[in-house]
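Q: Could you take a close look at one part of this model with me? I would like to see how a single piece sits within the whole.

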Amino acid sequence: MAERILTGIKPTGNLHLGNYIGVLRRLKNFQNRGECFIFIADLHALTLPIDPEVLRQNSIDIASFYLAAGLDPEKATMFLQSSVSAHGEINAVFQNYLYMGELSRMTQFKDISSKMKDSSIGLGIFAYPVLMAGDIVLYDADIVPVGEDQTQHVEIARDLVNRFNNRYGKVLKMPKAEVSKVGKRIMSLSDPTVKMSKSNPKGDIFLKDDINVIRKKIMSAVTDLGCEVKYDPENKPGISNLLVIYAAMKDISIEEAEAKFVNYRYGDFKKEVADAVIEVIEPLQQRYKEIVENKLYLKVLQEGAIKARKVADKTLKSVHKAVGLLDINE
Ligand code: TYM
């Protein structure tokens with residue numbers, strides 16, 4: 001059977017170059033390699049406060065960027081998490097198979113909750129990995145392409161699968177995270193010690209940024225002492241991050257990128273990085289615009305939901321059966 005590949009993006013904030021390098025640019029390869037389920041994790045977006053109109057717009061943006069990045073609806077199934085009710089239903093079962101202690105040790109939860117008052121931390125953000133485990137397991141995913149920041153959530157999904165299968169027999173498929181060799185963690189341009197995220201307008205390159213803004217952000221990226229363009233993440237985090245970005249844009253190895261820039265000065269190096277990013281992002285933006293203007297995402301999402309429901313409902317049924325929920329239609 002073909003490999004099942006599943007991944008999702010949460011529609012909060014602006015899509016950025018880290019999302020593109022970590023996931024979007026790899027979609028074309030994945031859809032040629034196996035059977036792909038690519039979705040918009042809109043239920044996950046509710047785990048932190050978000051304006052309803054912003055959430056709707058962000059969801060359209062992600063669907064459109066998936067298509068702009070080359071997702072082919074003939075080869076891959078694209079859908080909204082909220083249009084497949086099995087996600088919520090499996091969550092109700094799975095919440096009993098992950099425990100408070102392990103959930104409270106999740107890095108993402110610790111980072112987010114440390115900045116909030118206990119009285120405002122919702123149950124959803126704590127139980128985030130439960131919903132995510134359901135996403136993965138519902139489609140019998142073998143491979144889950146993610147950036148490094150999400151690997152811990154895939155690991156805990158594996159723990160859940162183990163626990164569940166040990167108790168009920170081999171009901172669930174064991175998934176595996178697959179991070180990109182180049183660009184598993186793109187860092188902020190204004191502070192290369194923190195990862196690029198959807199919320200820092202100065203240090204993050206947003207996929208919808210004006211081309212001139214992108215050039216400006218790269219030209220003013222924080223660099224390091226010295227003048228050598230060398231891959232050394234510990235001592236030269238800024239330059240190393242730009243080298244990774246260049247390598248990802250050109251689809252070459254970091255060593256190849258490093259070899260190209262021997263004897264380059266920082267300024268000239270940055271200019272080439274900016275050119276490489278713009279060469280990829282400019283046509284991506286044009287395709288995105290066309291897709292949004294013509295609402296090309298809509299039919300794909302509608303048809304995707306039908307296909308996704310079929311697969312997800314089948315898994316949900318076997319989970320219900322395994323735990324002893326009575327099937328009155330049988
Ligand atoms: P999200 O929306 O934060 O990010 C989407 C994808 O982009 C990757 N990513 C990065 N990769 C490299 N460098 C960065 N700086 C960077 N920032 C983000 C993320 O690792 C992710 O792969 N919980 C997920 C959404 C989700 C999901 C799933 C993913 C929900 N259910 C099931 C896979 C399978 C999230 O919030 O990703």
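**Helix 11 in its setting**

A: Happy to! This is a predicted model, and a good place to begin is the chain as a whole: residues 24 or more positions apart account for 75% of its contacts with a separation of 6 or more. The chain is built from 15 helices and five strands. Its radius of gyration is 21 Å, close to the 20 Å that the globule rule gives for 330 residues, so the chain is as compact as a globular protein of that length. Measuring along the principal axes, the C-alpha trace spans about 70 × 45 × 40 Å. Buried residues make up 50% of the 330 in the chain. As for the surface, the chain exposes about 16400 Å², and carbon and sulfur atoms supply 51% of that area.

Now let us zoom in on helix 11, which covers residues 211-219. Four of its residues, Ile211, Ile214, Lys217 and Ile218, are buried. Seen down the helix axis, these buried residues fall within an arc of 120°, so they line one face of helix 11. Note that a lysine, Lys217, is in this buried set along with the isoleucines. Turn to the other side of the helix and you find Asn212 and Lys216, both exposed. The cover over the buried residues includes helix 12 (237-250) and helix 14 (266-293). There is also a detail at the start of helix 11: a side-chain oxygen of Asp210 reaches to within 2.9 Å of the backbone nitrogen of Asn212. Asn212 is thus a residue to look at twice, as it is exposed and its backbone nitrogen is the partner of Asp210.

To complete the setting, here is the ligand. There are 28 residues around it, and those that come nearest are Tyr128, Asp135, Asp149, Ile186 and Lys198. Its polar contacts involve both backbone and side chains. A polar backbone atom of Gly18 is 3.3 Å from a nitrogen atom of the ligand. For Asn19, a polar side-chain atom lies 3.1 Å from a ligand oxygen atom, while a polar side-chain atom of Gln150 is 2.9 Å from a ligand nitrogen atom. Taken alone, the ligand exposes 710 Å², of which the protein buries 97%.

Conventions:
Residues are numbered from 1 along each chain as its sequence is written. This is a predicted model: local features need pLDDT of at least 70, side-chain atom pairs count only at pLDDT 80 or more; totals for chains, interfaces and linings use all residues. Side-chain values use heavy atoms; hydrogens and water are left out. Buried means under 20% relative accessible area, exposed over 50%, partly exposed in between (1.4 Å probe, protein chains only). Helices (H or I, at least four residues) and strands (E, at least two) are DSSP runs, numbered from the N terminus. The arc is that of the directions from the helix axis to the C-beta atoms. Contact means heavy atoms within 4.5 Å. A polar contact is a pair of N or O atoms within 3.5 Å; within protein, one must be able to donate a hydrogen and the other to accept it, and residues adjacent in sequence count only if both atoms are side-chain atoms. The radius of gyration is taken over C-alpha atoms; the globule rule is 2.2 Å times the number of residues to the power 0.38. Accessible areas come from the Shrake-Rupley method with a 1.4 Å probe; for residues, only the protein chains shown count as cover. A residue is near a molecule or strand if one of its heavy atoms lies within 4 Å of it.
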